[in-house]
Amino acid sequence: WRHTLGAQMRGPSGCVVELGDMRNARERGMHSVVSPMIPVHSLDTSVFNAGRLEVDVRRAKSWAAGSTNRLEVVQPLRPSIVENTDDLNSSRTFGGIHRRVANRMPTRQQTLEISQFVTEKTSLSDVPKIVAFVNSKSGGQIGALLMEILQHNLRPARVRGDEIVGEVCDLSKNDEPSATIERLARNTSEFGPATRLLVCGGDGTVTWILNALEQCKRLKGKLHLLPVAVAPLGTGNDLARSLGWGGRLTAVSDILSYLRWVLEAEVVVLDQWRLILRPHKKLEESHKLRTHGSHPQLVTDRELSTQLIAQLSTVLDATEGSNEVFVGYWQNYFSIGIDAKVTYFVDQARQSGLCGRRCFRWGCGKVCYAVQAILHAAGGSLLPQSIDTLKVLSSNGPYEESEDLELHLQSAIGAQARMRQLMFININSFGAGNDVLPRPGVANVPPSPGDGVLECLALRNVSHGLCLMMGFLRPLFVSSAEASAFTLHRGGEYLELDGEPWTMDCACDIVVEPHRKVAMLRAPLSSPHWK
């Protein structure tokens, strides 16, 4: 992909619309999200705000044939009222800091540099307002230090020419981020001053903020006016890596550099997907899916639940199942098998074991992953024995016609179908920075995180996974798909959604389908993380 120009997206009548420039992975560390050539405020707002993928009429439908009125009810990831926020403050989803960050305060030179930059930029054009989201009670004193630096450098109004207008939202408060987003919504318009968001956290925190933005009714039709940047403080930080923000924040003083990069960043388009899961029996009250987080949440809206169950029944000819259905939203990847199993036991070690927590606190998270991989990766089940009726909507075929993946799997992994991991990938960073997307010429169309298509990939065994992590091999390409559906007809499988793992002790039906487009910020070329 050497500086490929003219990335394309289908328009409302099937015509091709030029979207912009995709820079090669070798130029910028990894390929970037498609960047619009036209200003984001002049794009059709239905791209971002109607819960749809692009503006093609057929994509306004649910995947189930004949369902023309898809309900757009967004499940909250966090309860509106929390009595004890201590557990949530350490959660990866709710602004938890899970990276070792040096508590080095900004030097006078760093402060002068950001002031000089803002002064020079003001002489050229208006500086956007920055709203930063940070959990002041996470990461020991790191969250509080970040809060202090951001509050010192983001002013309610510009008095001098070297000041950045902005505010800081403390995610540790019970009414946040809803209160800040509601206030933003009242002051956000096409003709008002530009506003950019900076989320200090990991992939789960980004999903939480995107979810909260979509839940705000005042922002209907205006979501594209609030693009999101990421200061990486999570575990894998794959979305931040893909967008050029890097894999970790080294020191709290570096947040000043992020403020500068946010002002210089490009607005880009990213697909957001939703996963619908219906277990065949009622899950236990202690099951992870009954807790709050960025994993799938129980659907409490009765009308939406009824529609989703009907959709699953239509797509998969499902005749059995519980009356409960769970929905999750994601931007990076969804996987089943080896990787999800290892991540599940890492998650267990981090939550319940002192050794696991200290590994991540000291910046040795990969050691924990290595130990859990040695203990649990071997002996994983063969997924073809668990997966039944695996279908995809091919990116090349008619939208209403699904494709059975059996022939594709046999072609990719052999007639014996020895597959221990299946992945649906949207971005070019997997498992903390591994580029697993097909090489040029393998897929029918070069993959892009904004093209409305997922890449379905597979791993044969543990050795294949180890070679992937070391950069020697890539996953086997199975198919490109606009949606997928399948049944896990036995329990005991491990699943993972953007780094959040869980296990299913019963059979379940699953649909992966488009949710909406989101406006993100891609770090500028001056960011060292492209190198």
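Of the 531 residues in the protein chain, 60% are buried. The model under view is predicted. Begin with the whole chain displayed as a cartoon: 15 helices and 20 strands are present. With the surface switched on, the chain exposes about 21,800 Å², of which carbon and sulfur atoms supply 52%. Contacts within the chain may be considered next: among those between residues at least 6 apart in sequence, 76% join residues at least 24 apart.

**First stop: strand β13**

Select residues 387-394, which form strand β13. Of these 8 residues, 6 are buried, so the strand is largely enclosed by the rest of the structure. Now add residues 476-488, strand β17, to the selection. The two strands, β13 and β17, pair in the antiparallel sense, and 6 bridges connect them. To inspect one position of this pairing, select serine 394 together with alanine 481 of β17, its bridge partner.

**Second stop: glutamate 176**

Move to the loop that runs between β6 (164-170) and α6 (178-187), and select glutamate 176 there. Which side chain of opposite charge is nearest to glutamate 176? Selecting arginine 183 gives the answer: arginine 183 is 4.9 Å away. A salt bridge requires a side-chain nitrogen of Lys or Arg within 4 Å of a carboxyl oxygen of Asp or Glu. Glutamate 176 is buried yet has no salt bridge. Finally, select threonine 180. The side chains of glutamate 176 and threonine 180 make a polar contact at 2.9 Å.

Conventions. Residues are numbered from 1 along each chain as its sequence is written. This is a predicted model: local features need pLDDT of at least 70, side-chain atom pairs count only at pLDDT 80 or more; totals for chains, interfaces and linings use all residues. Side-chain values use heavy atoms; hydrogens and water are left out. Buried means under 20% relative accessible area, exposed over 50%, partly exposed in between (1.4 Å probe, protein chains only). Helices (H or I, at least four residues) and strands (E, at least two) are DSSP runs, numbered from the N terminus. Two strands pair if DSSP finds at least two bridges between them. Contact means heavy atoms within 4.5 Å. Accessible areas come from the Shrake-Rupley method with a 1.4 Å probe; for residues, only the protein chains shown count as cover. Lys and Arg count as positive and Asp and Glu as negative; His and the chain ends are not counted. A polar contact is a pair of N or O atoms within 3.5 Å; within protein, one must be able to donate a hydrogen and the other to accept it, and residues adjacent in sequence count only if both atoms are side-chain atoms.
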